[in-house]
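Let's take a walk through a protein chain together. Keep the picture open and turn it around as you read.

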Amino acid sequence: MSEIVSSADFQSKVLDCDQPVLVDFFATWCGPCKMIAPTLEEVAAEVEGRAKVCKVDIDQSRDIAARYGVMSVPTLIVFEGGQPARQVVGVQSKQALLSLLG
């Protein structure tokens, strides 16, 4: 299951994680974000134990969205070793999301 992270716990839950972390930058008002949410949950279940899926609400954590240059949602960034490794924007298929995680 994906976990919503905030500015307060982004460092510990994403950047300090020893697994790859797929972060979904989303907004509650975003239609495409709602469309991709069930797919993200499927991906989270499938990669459990070897990768994590987290979500960042851009309206609640504007500082994180700005730090990573999120200009539109959904933006999905894979973090590895505390650094952004891969990024895509827009609704993606389950297979595309799984391939982002390697």
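Start with Ser-61 and look at what surrounds it: leaving out residues up to four places away in sequence, Ser-61 touches Val-5, Ser-6, Ser-7 and Val-56. You'll find Ser-61 in the loop that runs between strand S3 (52-57) and helix H3 (62-67). Is Ser-61 buried or exposed? The cut-off for buried is under 20% relative accessible area. Ser-61 has 2% relative accessibility, so it counts as buried. Now zoom in on Ser-7, one of those contacts. Its backbone nitrogen lies 3.4 Å from a polar atom of the Ser-61 side chain.

By the way, what you're looking at is a predicted model.

Let's move to another serine. Ser-93 also lies in a loop, this one between strand S5 (83-89) and helix H4 (94-100). With a relative accessible area of 43%, Ser-93 is partly exposed, because that label covers the range between under 20% and over 50%. How far is Ser-93 from Thr-39 in sequence, and how far in space? The two are 54 residues apart along the chain, yet their C-alpha atoms are 7.4 Å apart.

Thr-39 itself belongs to helix H2, which covers residues 31-47. At 18% relative accessibility, Thr-39 counts as buried. Which residues does Thr-39 meet once its neighbours within four places in sequence are set aside? They are Gln-92, Ser-93, Lys-94 and Leu-97. So if you click on Thr-39 in H2, you can spot Ser-93 among its contacts.

Next, find Phe-26 in strand S2, residues 21-26. Phe-26 has 9% relative accessibility and therefore counts as buried. Its list of contacts, again without residues up to four places away in sequence, takes in Ile-4, Cys-33, Lys-55, Val-56, Asp-57, Ile-58 and Val-73. You've met Val-56 before, as it also appears among the contacts of Ser-61. Not every pair of distant positions ends up like Ser-93 and Thr-39, though: Phe-26 and Gln-83 are 57 residues apart in sequence, and their C-alpha atoms sit 19 Å apart.

Val-73, one of the residues that Phe-26 touches, leads us to a detail of the backbone. A cis peptide bond joins Val-73 to Pro-74, with omega at about 0 degrees. Pro-74 is located in the loop between H3 and strand S4 (75-80).

Now zoom out to the whole chain. How many helices and strands does it have? There are four helices and five strands, and from the N terminus on they follow the order β-α-β-α-β-α-β-β-α. Try tracing that order with your finger on the screen. The C-alpha trace spans about 30 × 30 × 20 Å along its principal axes. A compact globule of 102 residues would have a radius of gyration near 13 Å, and the chain's 12 Å agrees with that.

What about inside and outside? Of the 102 residues, 48% count as buried. The chain exposes about 5,200 Å², and carbon and sulfur atoms supply 53% of that area. As for contacts, take those with a separation of 6 or more: residues 24 or more positions apart account for 70% of them. The pair Thr-39 and Ser-93, in contact and 54 residues apart, is a handy example to keep in mind.

Finally, think about charge. There are 9 positive and 13 negative side chains, and the centres of the two sets lie 3 Å apart.

Note on methods:
Residues numbered from 1 in each chain as written. Predicted model: local features only at pLDDT ≥ 70, side-chain atom pairs only at ≥ 80, totals over all residues. Heavy atoms only, no water. Helix = DSSP H or I, 4+ residues; strand = E, 2+ residues; numbered from the N terminus. Rg over C-alpha atoms; globule rule 2.2 N^0.38 Å. Buried < 20%, exposed > 50% of the residue type's maximum accessible area, 1.4 Å probe, protein only. Contact = heavy atoms within 4.5 Å. Areas by Shrake-Rupley, 256 points an atom, 1.4 Å probe, with all protein chains shown as cover. Lys, Arg positive; Asp, Glu negative; His and termini not counted. Charge placed at Lys NZ, Arg CZ, Asp CG, Glu CD. Polar contact = N/O pair within 3.5 Å; in protein donor to acceptor, adjacent residues only side chain to side chain.
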